[in-house]
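Welcome, and thanks for taking a look at this one. Please have the viewer open as you read, and we will go through the chain piece by piece.

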Amino acid sequence: MAVTLLLLWSLMLAGADTPIGRTLYRGSVTAPARFINKTGRGHVLLTASLVALIAGLVWLIGDESVRLMAMGAPEIASWLVVIDAASLIDAAVAAVMVASSVRLDALKTRIARSVRRASRARRRATVPRPGRMTVANDDEEGAGWAVAA
């Protein structure tokens, strides 16, 4: 295979101005470059998640994971072809980012509110309040104050 690719490459270089050379260049350089240029963030995330899933299965199950992946490969391939999974992953990532930014603002508001409440409670706690003191219910001499046990 390597020899065939080297021969095609040398043919493209030798006959760059010929129709065959231009056709080979379009088929082996321009078309793959266009295809790779369409790769987006979702494609990379999808590939990384599939690699992580496969690595986890191999680590967890061992040899049985090869059989499981072989059984599920046609369904996964059809799912990837029928549904543009990269767009779904892009939409999911965007939704998570928006939700996290909204939640962070809400979290900041809640933390500020709880800090304000705590400072108010601390100010209220430092003000001495007059209270009633109860004497122990003991008629003996030297009765002391009530002590909670």
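## Overall layout

In what order do the elements of the protein chain run from the N terminus on? The order is α-α-α-α-α, and the count is 5 helices and 0 strands. Please keep in mind that this is a predicted model.

How much of the protein chain counts as buried? Of its 149 residues, 5% do. The chain exposes about 13000 Å², and carbon and sulfur atoms supply 66% of that area. As for contacts between residues at least 6 apart in sequence, 34% of them join residues at least 24 apart.

## The N-terminal end and its nonpolar patch

Let us start with helix α1, which covers residues 2–14. At 1.5 Å a residue, its 13 residues should span 18 Å, and the end C-alpha atoms are indeed 18 Å apart, so the two values agree. Is α1 mostly buried or in the open? The number of buried residues among its 13 is 1, so α1 lies largely in the open.

Which residues make the nonpolar surface patch of about 560 Å²? They are Met1, Leu5, Leu8, Leu11 and Ile20. Helix α1 gives the most to this patch, with 3 residues. Met1 sits in the segment before α1. Its relative accessible area is 82%, and because the cut-off for exposed is over 50%, Met1 counts as exposed.

## Helices α2 and α3

Helix α2 takes in residues 19–37. Its 19 residues should span 27 Å at 1.5 Å a residue, while the end C-alpha atoms are 25 Å apart, which agrees. Where does α2 bend? The bend is at Arg26, and it amounts to about 35°.

Next comes helix α3, with 21 residues running from 41 to 61. From its first C-alpha to its last it reaches 30 Å, close to the 30 Å expected at 1.5 Å a residue. Gly62 follows α3, and the phi of Gly62 is positive, near 90°.

## Leu68 in helix α4

Leu68 has its place in helix α4, which holds residues 64–82. With a relative accessible area of 40%, Leu68 is partly exposed. Which distance separates its C-alpha atom from that of Leu57? The two C-alpha atoms are separated by 9.0 Å, and the residues are 11 apart along the chain.

## Helix α5 and its partners

Helix α5 runs over residues 85–126, and Ile89 is found in it. Which residues is Ile89 in contact with, once its neighbours within four places in sequence are left aside? They are Gly42, Leu45 and Leu46. Ile89 can also be paired with His43: they are 46 residues apart along the chain, and their C-alpha atoms are separated by 8.2 Å.

Ala92 is found in helix α5 as well. The relative accessible area of Ala92 is 42%, which means that this residue is partly exposed, since that class lies between the 20% and 50% cut-offs. Finally, Ala92 and Gly42 are 50 residues apart in sequence, with 9.6 Å from C-alpha to C-alpha. Gly42 thus appears twice here, as a contact of Ile89 and in this pairing with Ala92.

Conventions. Residues are numbered from 1 along each chain as its sequence is written. This is a predicted model: local features need pLDDT of at least 70, side-chain atom pairs count only at pLDDT 80 or more; totals for chains, interfaces and linings use all residues. Side-chain values use heavy atoms; hydrogens and water are left out. Helices (H or I, at least four residues) and strands (E, at least two) are DSSP runs, numbered from the N terminus. The expected span of a helix is 1.5 Å times one less than its number of residues. The bend at a residue is the angle between axes fitted to the seven residues ending there and the seven starting there. Buried means under 20% relative accessible area, exposed over 50%, partly exposed in between (1.4 Å probe, protein chains only). Patches are made of residues with over 30% relative accessible area and no salt bridge: like charges are joined within 9 Å, nonpolar side chains (Val, Leu, Ile, Met, Phe, Trp, Tyr) within 5 Å. Accessible areas come from the Shrake-Rupley method with a 1.4 Å probe; for residues, only the protein chains shown count as cover. A salt bridge is a side-chain nitrogen of Lys or Arg within 4 Å of a carboxyl oxygen of Asp or Glu. Contact means heavy atoms within 4.5 Å.
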